[in-house]
Each structure stands twice: as C-alpha cells, then as structure tokens.
Amino acid sequence: MMAEAGAGGPRLAELLALGRRLWEELEASTEPSSGAPAVQEKVRQGLDALQRAAAMVAQLELFSENEELEEIASADLKFMLLPALLGALTLKQVDLSRRREHLESAREHFLRFLKLCRNYGLGSFQLSPGTSSEEGAGSPSVPQEPTQPNLVAMAMSRTAKIERYKQKKELENKLASMSSSVESGTADEDQIREFYILQIQKWIGTSLEEIESIEQELVILRSRDVARQAPGGSRGPSRPARAPVKPFILTRDAAQARVFGVGYPGLPTMTVDDWYEQRQRQGVVSQQGFGEPASPPCPSAPAGASDEELQKQQQETEEEEDDEEALQKARDWDDWKDTHPRGYGNRHNMG
C-alpha cells in the first residue's frame, strides 16, 4: 500500500495541498459577501481538487477497516482529512435553490470522516441521537420522550461542547508550535505523525459542531417545505361565521326610554292612513276633513262620553293652556333633573 501511495503520492499530495490552501484562504477572506464570484470560484476549484484526491485515495485503498492506526504510514495520515475538507467546502456554496442538497452532502462527508476516525480509534466522541444516517449507526442513541426534553442528555451535550472547545484551543496551540518545523522539513517522523494526528483530532471537533448545525438548519428547511406544500385553506382552523349583532343604545332606565326615546329617531310603526283611521275611531278627528277637529275638541275623550264629562275635560284643557308658562317651567325642571343627579350644585357645609 505504501508503494502505491508513494507512486501516486506527489500528485495526490498536490491536490490535497491545493484544496486545503483554498479552504484556508476562504476562511481568512475579507470579502463582504460569500456569494461573490471570486469566492465561489475558489470554492469550485477547491471542491474539484479534493474530489479528485478522494477518488485517488479510494483507488489506492489507503485506508481499510481491517487495519490498525499503527499500520498507516505517517505521510498518509493527512489524507484522512479529505472527507472533512470536502464537507467544509461544500457548506460554502451559496446556491439557495440547492441549499438542502448541499447540507445533506456536507453532512455525509463529515459522517464519513468520523466513521473513518472511529475505525482507527482516533478520538472519543458520540454523535447526537438525531443524526439520521447509516454512517452514524455506530453511536448509541439515547431514547427520549417525544413530548419532554431529556434534561440529562442536554446537560451531557452542553458538557461535551465545553470540553470540545477546550480541547480545540489546546490542539490549535500545539499545532501552531509544531507547524513551522513540519513545513520546513526539519521534523522527524514521530513529530510528523503527532502533527497529523493532532490535525485529525481538531477536525473531529469541527465535524461534530458542523453536523449539529446542519441538523438544525435541515429541520428549518423541512418545516418551510411542508408549509409551502400545504394548501392555503389548511393553514389553520377557520373561524365560524358570527351572526351580525343588532345595534342598541342604553338609556338610564326603561321609563326614560319610553318618554324620551333611545337617542335616535324611531322607525314608523304605521302609515298616515292607519294613524288617521285610529284617531277617527277615537273621535279626535271628524269625518269631514283631516285637520278639522270633532266637536267637542277633546283629544282624550272616549267615544260615548256624557256631556258633563266632556265639559269637565274641556275645562281642564283650557286651564292647562292658560297656564302654559307654568307648564313650560315644569317641563324644563323635569329635563334638568334627568341630566343632573340629586344634590348637584349643593355646596353647603363645604368650608
């Protein structure tokens, strides 16, 4: 295996170096938009180089599930990073119409890398229970209640994140101190081997973080797709039609409503002819004309009343008409009492 790797090594190493250099440039880029043509061109070139390198690794069969970590040559360890780098560059694609496809592809790359590391015993990690892929079948899943959050699992996940963050910082410091000697060629084989293993362990933490972020975004995209496919009428329960409410106006009491009305002109309850016939039956109007009063002119006298009663009522009517001023004052007083509460304006004994 080492001979085959050595024969294809220079070309394979160049492709890996090109893809990794482009990824590092993208990470350090100051472009205001990740969708800029120059940025996406680097993403395309990096993906092309890494995909060609991954095809060569598969053809050379550099890694196998039946071998131990010690059996891998130190110079070949760096090629284990190919799936992780492919996943990282796949996430930098910005085509929104294919966003879900890119997320699922990147997740598969990261899971393939983690499975490879698990087979060689590199790092101790546990994939989240929500990871839906055959690649993560080696991780035990924690049964959870569908309606209640598993607080123990959440606490363990938070602790694991904190621990991964601390390990990441330590690995970055070690890698920074060793990179100069490895790149200059002055490092021995043990240092080179340790350097690549530290890089693999660093990318294990990065892959776990990216998979968790991908799963969360996929949930949002699936919910959005379901909402778009749902018919317009099934988005929510329709409200039952409410019967129109008849408008009304409150008065102070029933007596006031009968005397003064409810505050707006009432609708007619009879025609003019009906009213005239009613008044004619009561003896208020005569048979001769509409405006000619009957004799005797007493509006409240019932039909068939005696002359004495008619004279008495006529006398009362004349007395009320003679005292028209007193009647007007009484009406004004009644109106004032309706709009002013009892005791209004009384300022006695108020200092």
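## A pocket and its helices

The second largest pocket has a volume of about 630 Å³. Lining this pocket are 22 residues, and the closest to its centre are Arg20, Glu183, Phe195, Tyr196 and Gln199. Keep in mind as you look around that this is a predicted model.

Which elements give two or more residues to the lining of this pocket? They are helix H1 (2–27), helix H5 (151–184) and helix H6. H1 provides the largest share of the lining of the second largest pocket, with seven residues. Sorted by class, the lining of the second largest pocket holds 12 nonpolar, three polar and seven charged residues. If you wonder how such a space is found, rolling a probe the size of a water molecule over the atoms shows where empty space is left.

### How the helices pack

Helix H6 leads us on to the pairs of helices. The table sets out three of them.

| Helix pair | Distance between axes | Crossing angle |
|---|---|---|
| H4 (99–119) and H6 (189–229) | within 9 Å | roughly 150 degrees |
| H3 and H4 | 7 Å | about 160 degrees |
| H2 (37–60) and H3 | within 10 Å | roughly 155 degrees |

How do these angles translate into directions? An angle over 145 degrees counts as roughly antiparallel. With their axes crossing at roughly 150 degrees, H4 and H6 are therefore roughly antiparallel to each other. H4 also passes H6 in a left-handed crossing. The contact of H4 with H6 has 15 nonpolar, one polar and nine charged residues.

Next come H3 and H4, which pack at an angle of about 160 degrees and are therefore roughly antiparallel to each other. Their crossing is left-handed.

The axes of H2 and H3 cross at roughly 155 degrees, and that makes H2 roughly antiparallel to H3. The crossing of H2 and H3 is left-handed.

### Charged partners

Side chains of opposite charge can pair when their charged atoms come close. How many salt bridges are there in this model? The count comes to 13 salt bridges. In one salt bridge, the side chains of Glu27 and Lys92 meet at 2.8 Å, N to O. Why does this pair tie together parts that are 65 residues apart in sequence? The reason is that Glu27 lies in helix H1, while Lys92 lies in the loop between helix H3 (82–90) and H4.

To find this salt bridge in the structure, look for Glu27 in H1 and then for its partner Lys92. H1 is also the helix that gives seven residues to the lining of the second largest pocket.

Note on methods
Residues are numbered from 1 along each chain as its sequence is written. This is a predicted model: local features need pLDDT of at least 70, side-chain atom pairs count only at pLDDT 80 or more; totals for chains, interfaces and linings use all residues. Side-chain values use heavy atoms; hydrogens and water are left out. Axes are lines fitted to C-alpha atoms, for helices over the stretch in contact, and angles run from 0 to 180 degrees between N-to-C directions. Helices (H or I, at least four residues) and strands (E, at least two) are DSSP runs, numbered from the N terminus. Angles under 35 degrees count as roughly parallel, over 145 as roughly antiparallel, 65 to 115 as roughly perpendicular and the rest as oblique. A crossing is left-handed if the near helix is turned anticlockwise from the far one by less than a right angle, and right-handed if clockwise. Ala, Val, Leu, Ile, Met, Phe, Trp, Tyr, Cys and Pro count as nonpolar, Asp, Glu, Lys and Arg as charged, and the others, Gly among them, as polar. On a 1 Å grid over the protein atoms alone, a cavity is a set of points where a 1.4 Å probe fits but cannot get out, and a pocket is an open set with protein on both sides within 12 Å along at least five of seven lines; lining residues have an atom within 4 Å of a point. Grid points are joined across faces, edges and corners, and a volume is the space filled by probe spheres set on the points. A salt bridge is a side-chain nitrogen of Lys or Arg within 4 Å of a carboxyl oxygen of Asp or Glu.
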